[in-house]
Amino acid sequence: MFCQNCGSQIESSAEFCSQCGSSQRIEARTRAATEVTTPPTPYVPIAGGKAATAKWIGQGWELVQSDLGNFVLMAFVMMVVNGALPLLLQGALFAGFQGACKKKLRGQTVDIGDLFQGFQFFVPTLKAHLVTTILVFFGMLCFIIPGLVLAAMYNFTYLFILDRKLPYREAMRASAAVVKQDYLGYTLFLIVLGLLNVAGVLCLFVGVLVTIPITMAAITVAYRDAVGFDTTPSGVTP
C-alpha cells in the first residue's frame, strides 16, 4: 500500500503515513467498501442419488481387507485415544479415519499417522460432533426414528469438512442435502452399519476392530459415489 499524499510505501493496515503523517483513513474506508466477501456456495448434490447399502458395505470390506493390519491398528488406537476424551476427540478421529479411507480409495499408502489428520480441523469437527450429538439425542427421545434420520442426515459431515474444507454449518447442510434425496435408504444404511458394530461387540469386543474400519470405509465409499472427492482446496476457513 502507498500513501495517498506522498506516495511512500506503508503497511496496508496503517492509518497514518510514517513519512508525511497524513491520514490514510479515507483510503482505508474506500478499500473496505470495495472489498466483497463472497459467501460459500451451497453444495448441490447430484440428482437422483440413492443409497446402495450392500454395495457400499461390500466395497468397504474389500478396502479394509486390502490393508487389514493398518486398519485394525487405527481402530485400536482410535478407541484408546477416544476413550480419554470421547466428546472432544471423536469428531476429529472420525474425520481422520475417513480421510485414511479416502487415501486408500485413491490408491495411496495408509499409515497410523493418517488417523490424526482430522485434528487439522479440530474446531469444526468438534462443533459438528457436539451439534449432531445434541440433535440426535433429542431425536431419539421422539420415539427413536427421528434420531436415526438425523444421524443419517449428518453422516457425511466430517468428510465434507475434511475433503471440501467446508465450515461445519455448511458441511452439515451439504450432508443433509445428499441424504434428503433418499431418507429411507440412507437411514437403513446407517442402521445396518450400527448392527454390524453390535455384532462386533458381541464377538468379545475384538470384532469391532474390524467392524469399525468397515463402517468408516463404507461411509467413505458412499461419499465418493454420492458426492465425489474434491482435489482442489476450497480455501474456505472452517
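## Cysteines

C203 is partly exposed in this predicted model, because its relative accessible area of 49% falls between the limits of 20% for buried and 50% for exposed. C101, by contrast, has a relative accessible area of 0% and is buried. The structure holds 0 disulfides.

## Overall fold

The protein has 10 helices and 0 strands. Read from the N terminus, the order of elements is α-α-α-α-α-α-α-α-α-α. Of the 238 residues in the protein, 43% are buried.

## Aromatic contacts

A pair of aromatic rings is described by the distance of the centres and the angle of the planes. Searching the whole structure gives 11 aromatic pairs. One of them is formed by F156 and Y186, whose ring centres lie 5.9 Å apart. The planes of these two rings stand at 90 degrees, which is over the 60 degrees required, so the pair counts as edge-to-face.

The F156–Y186 pair links distant parts of the chain, with the two positions 30 residues apart in numbering. F156 sits in the loop between α6 (145–153) and α7 (157–164), while Y186 belongs to helix α9 (residues 183–202). Both rings come from buried residues: F156 has a relative accessibility of 0%, and Y186 has a relative accessibility of 2%. Each value is under 20%, so each residue counts as buried. F156 and Y186 are also members of one aromatic cluster, together with W56, F160, F189, Y223 and F229.

## Largest pocket

Rolling a probe the size of a water molecule over the atoms shows where empty space is left. The largest pocket has a volume of about 740 Å³. It is lined by 24 residues, and those closest to the centre of the pocket are Q90, F94, A151, N155 and L190.

Several helices contribute to this lining. The elements that give two or more residues are α4 (86–105), α5 (122–141), α6, α7, α9 and α10 (208–226). The largest share comes from α5, with 5 residues. Which classes of residue make up the lining of the largest pocket? There are 13 nonpolar residues and 11 polar ones, and no charged residues.

## Second largest pocket

The second largest pocket has a volume of about 160 Å³. Its lining consists of G99, K102, K103, R106, Q108, Q117, Q120, F121, L162 and K165. Helix α4 gives the most to this lining, with 3 residues.

By class, the lining of the second largest pocket divides into 2 nonpolar, 4 polar and 4 charged residues. Charged residues are therefore present in this lining, whereas the lining of the largest pocket has no charged residues.

## D67 and its contact

D67 is placed in the loop between α2 (53–65) and α3 (68–84). With a relative accessible area of 15%, D67 is buried, because this value is under the 20% limit. The side chain of D67 makes a polar contact of 3.2 Å with the side chain of N70.

Technical notes: Residues numbered from 1 in each chain as written. Predicted model: local features only at pLDDT ≥ 70, side-chain atom pairs only at ≥ 80, totals over all residues. Heavy atoms only, no water. Phe/Tyr/Trp six-rings, centres within 6.5 Å; stacked < 30°, edge-to-face > 60°. Helix = DSSP H or I, 4+ residues; strand = E, 2+ residues; numbered from the N terminus. Buried < 20%, exposed > 50% of the residue type's maximum accessible area, 1.4 Å probe, protein only. Disulfide = S-S within 2.5 Å. 1 Å grid on protein atoms, 1.4 Å probe; cavity = no way out; pocket = protein on both sides within 12 Å on 5 of 7 lines; lining within 4 Å. Points joined across faces, edges and corners; volume = space filled by probe spheres on them. Polar contact = N/O pair within 3.5 Å; in protein donor to acceptor, adjacent residues only side chain to side chain.
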